[in-house]
Amino acid sequence: MTWRPDVPYNDLPALPPAMELEPKVVLKAAIEARTALATMAQAAKMLPNPGILINAVPILEAQASSEIENIVTTADELFKHVHTGGGDHATKEALRYRTALFSGLTSLSERPLTAQTAIQICSSLHGREMRVRALPGTRIANPTTGEIIYAPPEGHDLIVDKLSDWERFIHAGDDGLDPLVRMALAHYQFEAIHPFHDGNGRTGRVLNILMLIESGLLNDPILYLSRSIIGRKNDYYRLLRAVTAEGAWIDWILYILDVVRESSESTTRKIAAIRDCQRDIAERARAATTGGRDARFLDVLFEQPYCRIVTVVERCDVSRQTASNWLHALVAAGLLHDVKVGREVLFVNHELLHVLTRAD
Ligand SMILES: Nc1ncnc2c1ncn2[C@@H]1O[C@H](COP(=O)(O)OP(=O)(O)OP(=O)(O)O)[C@@H](O)[C@H]1O
Ligand SMILES: [Mg+2]
């Protein structure tokens, strides 16, 4: 049967496709990607304060993944509002991506990844309960020309069945597939099922991180995967479609493996830059204030590029006055900038912010 872009693809086959999925080129690329991933995990362990990555990368990931959906905000805005919940509409929406990622992680610590996890992530992204599509009519169209590119399967029960197959495939460890190849296949399949009216791309990209964690290739959500995807967004769309239209699985798998390699390498570079920045700032903070000799204070300074007085009070067990003195001493030394956000003053570690947000 021939596939047509404007007809709901109810015949979408279950995974895995009946073909050789790991020819030599794939194995070679998988080794490169896994090596890059392992190098990154090792570098992360060497950070004096690894909390910064667990705080910052999900924010950067939220910014990039939401941008793929044209929700445009800056990482700076996100860091600024992450603990106050303010910001404009796009900022709030991108922050929900981070919440969705964390809700997925919590769920993963309790039970395996299932279709239910996907529903929870998508609901969290939208800030309201999302269900598997029951109504017909969802189409993926070219944003410029409006031409229909793909029509996902229709019918609630059919979609639920396909999600069950997807779920089984994720945990089918006995087929011997490399976990990164499995992630590539599962990501295509999830997008092709397109279970929701909206949010399928972002949910699928959160699921990628969760799959890496579930398979033990990643310990924390510190891989900045969506930056690499958005850098090659045209390929992302083209290759997804080529799987459906031509069964071009190998090109798709190679693309995902390369995204993993590239994002691991860029995260490794970021970790090195963060480490240098931490070292430099710690030294200058020690010279500027007694607080600079308090390890807990240095920890707070490196957990987020934006710091609040209350956080210093709580974490360092000092009075508000002392916390304020310490922070203002660092402002005087040029290490922090103070900015007013709403009614609160925030202290920006601008060098760290720059290291975190710059493209590399
Ligand atoms: N031809 C295709 N076949 C299957 N899936 C596709 C195809 N083209 C794009 N997609 C997927 O559909 C997603 C868009 O779907 P949807 O709008 O539901 O998700 P979103 O999260 O709201 O948006 P976005 O993914 O753009 O951030 C894309 O990100 C991509 O993952
Ligand atoms: Mg959308």
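In this predicted model, the shell around ligand 1 comprises seven nonpolar, five polar and five charged residues. Of the 17 residues around the ligand, Glu 69, Glu 191, Asn 200, Gly 201 and Arg 202 come nearest. Several secondary-structure elements contribute to this shell: strand β2 (148-150) and helices α7 (179-193), α8 (200-214) and α10 (233-246) each supply at least two of its residues.

Helix α10, one of the contributors to the ligand shell, was examined further. The 14 residues of α10 should span 20 Å at 1.5 Å a residue, and the separation of 19 Å between its end C-alpha atoms agrees with this expectation. Within α10, the residues Tyr 236, Leu 239, Leu 240 and Val 243 are buried. These buried residues fall within an arc of 105 degrees when the helix is viewed down its axis, and they therefore line one face of α10. Asn 234 and Glu 246, by contrast, are exposed on the other side of the helix. The packing partners of the buried residues of α10 are α7, α9 (225-231) and α11. Just after the helix, Gly 247 adopts a positive phi of about 65 degrees.

A corresponding analysis was made of helix α1. This helix covers residues 24-45, 22 residues in total, and extends 32 Å from its first C-alpha to its last, close to the 32 Å expected at 1.5 Å a residue. Buried positions in α1 are Val 26, Ala 29, Ala 30, Ala 33, Ala 36, Leu 37, Met 40, Ala 43 and Ala 44. Because they cover an arc of only 155 degrees around the axis, these residues lie on the same side of α1. On the other side of α1, the exposed residues are Lys 24, Lys 28, Thr 35, Gln 42 and Lys 45. The cover over the buried residues of α1 includes α2 (51-68), α7 and α11 (249-288). Helix α7 thus recurs in the description, as it supplies residues to the ligand shell, helps to cover the buried residues of α1 and packs against those of α10. In the segment before α1 lies Pro 16, and the peptide bond from Leu 15 to Pro 16 is cis, with omega near -5 degrees.

Strand pairing was considered next. Strand β5 (residues 344-348) pairs with strand β3 (residues 306-308) in the antiparallel sense, over three bridges. In this pairing, Tyr 306 stands opposite Val 348 of β5. Strand β5 is also joined to strand β4 (residues 337-341) by five bridges, and these two strands run antiparallel. Here Val 339 is placed opposite Leu 346 of β5. Two residues separate the strands in the hairpin of β4 and β5, in which Gly 342 takes a positive phi near 60 degrees.

Positive phi values also occur in residues other than glycine. His 194 has a phi near 50 degrees and is located in the loop between α7 and α8. With 25 other C-beta atoms within 10 Å, His 194 is buried, since 20 or more suffice for that class. Asp 317, for which phi is near 60 degrees, occupies the loop between α13 and α14 (320-332). Asp 317 has 11 other C-beta atoms within 10 Å and is therefore exposed, the limit for that class being 12 or fewer.

Two further positions were described by their surroundings. Thr 289, in the loop between α11 and α12 (295-303), has 20 other C-beta atoms within 10 Å and is therefore buried. Although Thr 289 and Trp 326 are 37 residues apart in sequence, their C-alpha atoms are 6.2 Å apart in space. Residues up to four places away in sequence being left out of account, Thr 289 touches Trp 326, Ala 329 and Leu 330. Arg 315 belongs to helix α13 (residues 309-316) and counts as partly exposed, because 15 C-beta neighbours are found inside 10 Å. Apart from neighbours within four places in sequence, Arg 315 is in contact with Arg 296 and Val 300. Arg 315 and Ile 59, separated by 256 residues in sequence, are 22 Å apart from C-alpha to C-alpha.

Notes: Residues are numbered from 1 along each chain as its sequence is written. Chains are lettered from A and ligands numbered from 1 in the order in which they are written. This is a predicted model: local features need pLDDT of at least 70, side-chain atom pairs count only at pLDDT 80 or more; totals for chains, interfaces and linings use all residues. A residue is near a molecule or strand if its C-beta atom, placed from the backbone, lies within 6 Å of it. Helices (H or I, at least four residues) and strands (E, at least two) are DSSP runs, numbered from the N terminus. Ala, Val, Leu, Ile, Met, Phe, Trp, Tyr, Cys and Pro count as nonpolar, Asp, Glu, Lys and Arg as charged, and the others, Gly among them, as polar. The expected span of a helix is 1.5 Å times one less than its number of residues. The arc is that of the directions from the helix axis to the C-beta atoms. Two residues are in contact if their C-beta atoms, placed from the backbone, lie within 7 Å. Two strands pair if DSSP finds at least two bridges between them.
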